[in-house]
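I'm opening my notebook on this structure and jotting things down as I look them up. Pockets come before anything else, then confidence, then a couple of backbone oddities.

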Amino acid sequence: MLLPWNVPDAEKILYCKRIGKIIGEAAKWEMPVMVEPVFLNMPRDAKTIAAEIEVARIAYDLGADIIKITFPGHDNTAKLCQELKIPIVVAGGPMSGDPQSTIKDIRESIEAGAQGVVVGRKIWQRPQEEAADMIKEIAKITHNSYKRSF
């Protein structure tokens with residue numbers, strides 16, 4: 001579930017109430033809920049990254065079972081994983097950069113303690129052969145570097 005945070009305070013309250021209610025209902029069925037804190041149409045700078053980390057803490061407090069976050073860098077990912085004690089997965093986002101920058105971010109995410117990556121567009125919007133090579137490399141990273149925390 002998306003948790004947009006650069007919205008008016010009244011909307012933040014509604015999002016939190018809605019997400020909290022859904023998490024409560026899902027718990028009755030033992031269904032995990034993944035929450036993704038986002039700042040829509042914002043530049044990806046240090047201020048936005050710090051704010052997303054704060055909203056990840058809010059998602060945790062609402063009862064999220066999994067947090068999906070845009071890669072905030074190795075150190076911030078490691079800190080968040082240690083602090084929240086629930087699975088953190090890293091989002092891929094829109095296609096940007098070359099394949100190696102995506103692979104590097106994925107490697108750093110997993111090495112920092114992320115329990116997985118949710119990458120789509122950064123792979124499937126590339127030519128088929130390039131996408132296939134990326135998938136092979138990501139499989140190697142996740143099989144060789146992943147450390148189960150839960």
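**Pockets, confidence and odd angles**

I looked up the second largest pocket and got a volume of about 160 Å³. I'm keeping in mind that this is a predicted model.

Which residues line the second largest pocket? I wrote down Ala78, Cys81, Gln82, Lys85, Ile86, Pro87, Ile88, Ala112, Gly113, Gln115, Ser149 and Phe150. Helix α3 provides the largest share of that lining, three residues. Sorted by class, the lining of this second largest pocket comes to seven nonpolar, four polar and one charged.

Next I went to the largest pocket, which has a volume of about 580 Å³. There are 31 residues lining it, and the closest to its centre are Thr70, Ala91, Gly92, Gly93 and Pro94. I then checked which elements give two or more residues to this lining, and found β2, α2, β3 (66-70), β4, α4 (99-111), β5 (116-118) and α5. The one that gives the most is α4, with four residues. By class, I noted 15 nonpolar, nine polar and seven charged residues in the lining of the largest pocket.

**Confidence check**

How sure is the predictor about all this? The mean pLDDT of the protein is 94, and 100% of its residues reach 70 or more. I also looked at the separate elements: α1 (residues 9-28) has the highest mean pLDDT, 98. The lowest, 90, belongs to α5 (residues 121-124), one of the elements I'd already listed for the largest pocket.

**Two odd backbone angles**

A reminder to myself before this bit: most residues other than glycine have a negative phi.

Asn41 goes the other way, with a positive phi of about 55°, and it isn't a glycine. Where is Asn41 found? I traced it to the loop between β2 (34-38) and α2 (46-62). Is Asn41 buried or exposed? Its relative accessibility is 82%, and the cut-off for exposed is over 50%, so Asn41 counts as exposed.

Lys85 was my other find, also not a glycine, with a positive phi near 60°. Lys85 has its place in the loop between α3 (74-84) and β4 (88-91). Its relative accessibility is 55%, over the 50% cut-off, so I put Lys85 down as exposed. I'd met Lys85 earlier too, in the lining of the second largest pocket.

Methods: Residues are numbered from 1 along each chain as its sequence is written. This is a predicted model: local features need pLDDT of at least 70, side-chain atom pairs count only at pLDDT 80 or more; totals for chains, interfaces and linings use all residues. Side-chain values use heavy atoms; hydrogens and water are left out. Buried means under 20% relative accessible area, exposed over 50%, partly exposed in between (1.4 Å probe, protein chains only). pLDDT is the predictor's confidence in each residue, from 0 to 100. On a 1 Å grid over the protein atoms alone, a cavity is a set of points where a 1.4 Å probe fits but cannot get out, and a pocket is an open set with protein on both sides within 12 Å along at least five of seven lines; lining residues have an atom within 4 Å of a point. Grid points are joined across faces, edges and corners, and a volume is the space filled by probe spheres set on the points. Ala, Val, Leu, Ile, Met, Phe, Trp, Tyr, Cys and Pro count as nonpolar, Asp, Glu, Lys and Arg as charged, and the others, Gly among them, as polar.
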